[in-house]
Every structure is written in structure tokens, then in C-alpha cells.
Amino acid sequence: MVQKYQSPVRVYKYPFELVMAAYERRFPKCPQMPIVLDCEIIEDEELDGGAKRETKRRCKLAVDAPYLFKKLIGLDFVFFIQHNSLDMRARTLNIEATNETFASRIEIFERCRYYAHPENPSWTCFDQSATLDIKNFFGFEHSMEKMGMKQYTQTTLKGKEIIEYFIGQLKQEGISHVPRWPSLDANDADSADAESVKLQTTSSMLKKEDSASLDDEYISKNLGEMTPLQESKLVELEALLKEKNEYQTPDHQMICRFLRARDFNVEKSYQMLQDSLKWRQENDIDRILQLYKQPPVVAKHFPGGWHHRDRDGRPLYVLRLGHMDVKGLLKSIGEEGLLRLTLHICEEGLQLMRDSTKELEKPVSTWCLLVDLEGLSMRHLWRPGVKALLNIIETVEKNYPETMGRVLIVRAPRVFPILWTLISTFIDENTRSKFLFYGGQNCLFPDDGLERYLPSEIIPDFLGGPCTTLVHEGGLVPKSLYKSALENEGNGEEKAPHPHQDMYKSMDLRANQFFELVIKNDDPKSVLTWDFDVLNVDVYFTVFRTMETICQTGDLYTSVFDSSNLEEGKTFFKEEPTLLCRHRESVQGSHVMTTAGTYILQWTCSPSTDKVAHVMYHYEILSSANYKGSMTSLQSGFSTMSVASSCQSR
């Protein structure tokens, strides 16, 4: 029977040359490995001017087996032959060991390798494998197999401890650096020396406390589980920042977040982090917690705030988005004000994560977001608001990557998939995977409800829990708090100084005039959305559908439905009830275009007026592929989500 054993790659955070100096101290005896009784050098040859060394040893090992077993086989110790091939230029040590005792009955072959870390030349890697082929061993094959596995496991666990011990011993003797062996080519030698000097310089640039802190205990308590390769990337990026970066080097937690955002690609992470550090300096982000003063309108009408921690120790932020007057806040504090508020929340989150890490003595590198969508309607699809939201998402994604641990969406109404379709493509795929959706009024499902992620005692009272929050319901922002009021024209009529002229189009209507948008649709199940503001005069708005060919005359006093071959209820149909839109109202709506055909958005002015109605409008079609894709991505998470249907909101 043949058994194979393979240990994971271990990493020593020391240069290859120092590890080799520590390795040599293991011979001829090692106090940490009492099983090794003696090692005798039987061959030792230096080659290539001393750069290479071939060493052969005969090692005497105690038999680690029960007394009765040793009596049966008649041995208290066994011999192994170890062959080492050291190449100081290539920075590799290959070790092969085979058993001499009982070689005809058992074949044991072990291969070990020390080599410079491929990504971080100031570190050293070690891997180990072995095969055990038991041909015939007096009927004790199974026992030998178990002892072989036990011996291999113990040796593997001891290996790193032994190297660390002897490196500590070297440092106590004042030996903390062993020079690199020069390359064959003189130019290469110069390069090697230059690289060695560079590595030493880089090491000296690292603060002593920083270098010391990157041990296993520090990483487990502050950064979480990391592979040796990821640890090396962290050290490499930190050294690169200290060497090239003109800004203050961030802490390890921040460096790790940017590394994770770029799959531990050092070059991409460096560029992303460099851009973010520049942005932080230009916008004085490091002082935002001290300098930011919450506007009164935010204090009274922004329905969000921090609320305890989730079950994983993450800080929890609660946002009652359905109760938020997006338009009112934007008109009161502007997009820049809303962005500044968001950045202040993000910086608070970073501080709370650091506090949680310290208090819980475990890494907390993300926060949890609970979004209540009760009250969400088409008014939240006000296009300037959506555009501002997308800009904020883009800024946060660039500068606060990997800070969102989980997003709990609760009480999602039927209109939510439309909003999700609009914004989800702008959210990083990894972040989107952290969204969990609950569509019903009762979020406290016994098996997979909020209590799975939040302690029951902190679930907010507005969701049926026992805990009162400091988050208020928001509500409509009074128009008196808007920054820019509507301006009066010389003729006494009002025009809107719209901040998003590139997004909206405008038109004027007089008494008995029509304005109609003819939209041909060949994509069943796509979604038609609209958003418009009305000034000066009330207007009527209706959505129609027909399968007939529509010809527009360009005459504002004639509707496309005035044609003799069109009859309501037979050749064209009213898809949405006629809506009376009042002066200064903002209207948002959507309609799922279930069938192909021609859809008409119609505005008409009241016949009993001598004023001119001014309408700023925007419409958009969400393709069925994107809309269905959005819905499909939500199906597993929604508990009682119904398919979005036509709806309007003022």
C-alpha cells in the first residue's frame, strides 16, 4: 500500500539567506526534535565557487512506537539518508530523504524545498511531501501506516517552530541579516546587490512596530484569515506605498480592503489606493468627522442612523429609505451636501469598525446596512435623485471598497425591482452578492428572517422588534427649505431652473393643445418609466396603447387619436387612468409593457386657461432582459415580492 502526504506551503517572513543560517543549526542534533539522535555527514562538496553545496547525511532516529512493537521488530532506532542540494544564487534548498533501515520492506521518500518567495523576495517559502510504500512488515502494515502519518504530522508542525527558534537565537547573537550571494554575471551581481540594498532600505522604512505587528496573532486579531501569499502582497504594497506614495501611508486594514477589491493584484491595488488617497487629501476627508456639521434639514428629515451591531459584531446602520424625501433633500442641501453626508457616515463606519475590532478582539472590517423600503414609491425614481444616487455609489465604491459586509433589504414593495434594475449595474458584483431581500411586512421569519443576522433584542420596533431606535421617519421636506425657488419670468409665468437640463426636455402647452410621445415597443415585458414636472397650469396625463400605425401631424391642436379609423376600446386602449397634474407637481410613474405595440404618452392642457403650461419631462425604457435579470437575481431573497406593475406617484 502506498500513502502520500503533502503539507501546505509555509512562509517565513525572513530572507532565504537568514533561514539557511537558521537551518544549519538543526544539525547534528536539535533539542526541539528529540527523535533525531544524531546526524553524520558522509559527503560534503562545494561547487561553483561555494555558491552550490551538495551534502549527504546519515541520520539516526529513535523509533517512535510502543515498547512492545519495538521489541517485536527488534529495533530502538532507524537510519535515514538525507541528501541536500543548496544553490545560493538560485536561492533554493532541495532536500530528499529515504530510509536505510528495512528498505526492502518499507520505502519512505520525503522531499522538502526551501525557496525565495516568488512575490516577495524578502520572505522564504517551504513545502514538504512524502510517500510511504509498505510492502511487507510482519503483518503490521496498518500500524506502520498510522505511525507514519503521525510522525509526518508532528514533523510538519515542528518545522516552522524550529526555524523560528534558531532565527531568534541568531538575532540574540546580533545576526539579523545575511548578504545575498552574487550572480554569475557582473551586471547581475550589481543588480542583486542593488536589490539587496533596496530590500534592506525598504525593511528599514517600515516602522519597527509595524513590522512586529504583522505576526500571526496581529493578523488574526486585526485583519482576519489570510494566506501566506496574501500576507506577502500586504507587505509588498505597504513597502511600495512607503517608497513611492506622496501621501501618508494608511493602516493595514485599509491596505487590505484595497487589495481585496483588486484580488490582491499589487499594481492595481496601488493605483486604486493612490487615487483614493489623493481624493481624500483634496476633499479633506481625514478631518470630516471633526469638521462636518449636520444641516438642520438633515437632522430633522434624514431617516438614517447607527444602531448597535449585528450577530457578527459589525456596526449596523439603519436607513428608512421609503420614508426619505430624496427630492426635498437634494433641493435643500444639493448633491454635494448629500454626498458629504454619505462620506461622513462612511467615516463613522470605519471608526466603529476599529472600535469593534478592539473591543471584541477579532477583526471587524465591514459594516451591516439595514434598509427599510416601506413607503417606497415612484417618487423615489425622480431622475435627478437616481442620478445623484449613482454618483454617490460610484464615489463610495472607489474609496470605501470591501467595507460592506451585508445589506438587509426589508419590506420591499412592488416598485422596488424597477429601482434595482436602474442602480444594480452600478454596484460592484461582489457587493451585490451581499444583498438579502425581504419583501413582506413580517421580516421576522423563524428560519431565515432578520434574527438570523441580528440579535433579537436589537431588531427595531418599526419592524416588530423590541428595540427603539434613534432613527426618525424622515417625512417630506418643506419647500421653504429648498435652496433655489422657482424664478419669475417677466410675463409672470414660472420656469424651472432645472439642475439636470441635459436629462430633461421641455415643452409648452396652451389651452386645448396636445403633446404626445409615440413609443414603438417590440420588447414585451419591458418597462416604460416617466418623470415630469408641471408649472403654471394644470395638465392632464394619460398612457395609451394601440396596434395600429400612428401618424403624427405636428399640429398641437390635433391628437393622433382624432383619426377616423381609431376608436377607444377597439383599436386603441387607455393603459393608465387619466391623471390631473397640478401646478408645481412632480410626477413619476412606470408601466410594464406586457405586449408589443405602440405606446403613447399624452399631455393636454386645460381648455379654460389663458396661461401657458410648462412641462419638463423625461422617459426611459428598461429592457425586458435587464428587468427580468434584475428580478431573477432577487427571486431567492424576496419572501413576498410581487411582480412590479404600473404605478404613479407625485
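Let's start with the rings: there are 24 aromatic pairs in this structure, which is a predicted model. One of them joins Phe561 and Phe572, whose rings are stacked with 4.2 Å from centre to centre and 25° between the planes. This pair links distant parts of the chain, with its two members 11 residues apart: Phe561 belongs to the loop between strand S19 (539-546) and strand S20 (572-581), while Phe572 sits in strand S20 itself. Phe561 counts as buried because its relative accessible area is 10%, under the 20% cut-off. Phe572 is buried too, at 6%.

Aromatic rings also gather in a bigger group, as Phe515, Trp530, Phe532, Phe541, Trp603 and Tyr617 make up one aromatic cluster.

Two arginines are placed over the face of a ring, as listed here.

| Arginine | Ring | Distance from ring centre |
|---|---|---|
| Arg113 | Tyr115 | 4.0 Å |
| Arg320 | Phe462 | 3.8 Å |

Now to the nonpolar cores. The largest one contains 62 residues, and Phe302, Leu369, Leu373, Tyr400, Ile409 and Phe416 have the most contacts inside it. Helix H12, spanning residues 326-360, is the top contributor to this core and supplies 12 residues. A second core, separate from this one, has 30 residues, among them Tyr14, Val36, Leu93 and Phe126.

What does Tyr400 touch, leaving aside residues up to four places away in sequence? Its partners are Trp279, Arg280, Ile285, Leu343, Cys346, Glu347 and Leu350. Tyr400 is thus a good residue to select in the viewer, being one of those with the most contacts inside the largest core.

Note on methods: Residues numbered from 1 in each chain as written. Predicted model: local features only at pLDDT ≥ 70, side-chain atom pairs only at ≥ 80, totals over all residues. Heavy atoms only, no water. Core = buried A, V, L, I, M, F, W, Y, C linked by side-chain atoms within 4.5 Å. Buried < 20%, exposed > 50% of the residue type's maximum accessible area, 1.4 Å probe, protein only. Helix = DSSP H or I, 4+ residues; strand = E, 2+ residues; numbered from the N terminus. Contact = heavy atoms within 4.5 Å. Phe/Tyr/Trp six-rings, centres within 6.5 Å; stacked < 30°, edge-to-face > 60°. Lys NZ or Arg CZ within 6 Å of the ring centre and 35° of its normal.
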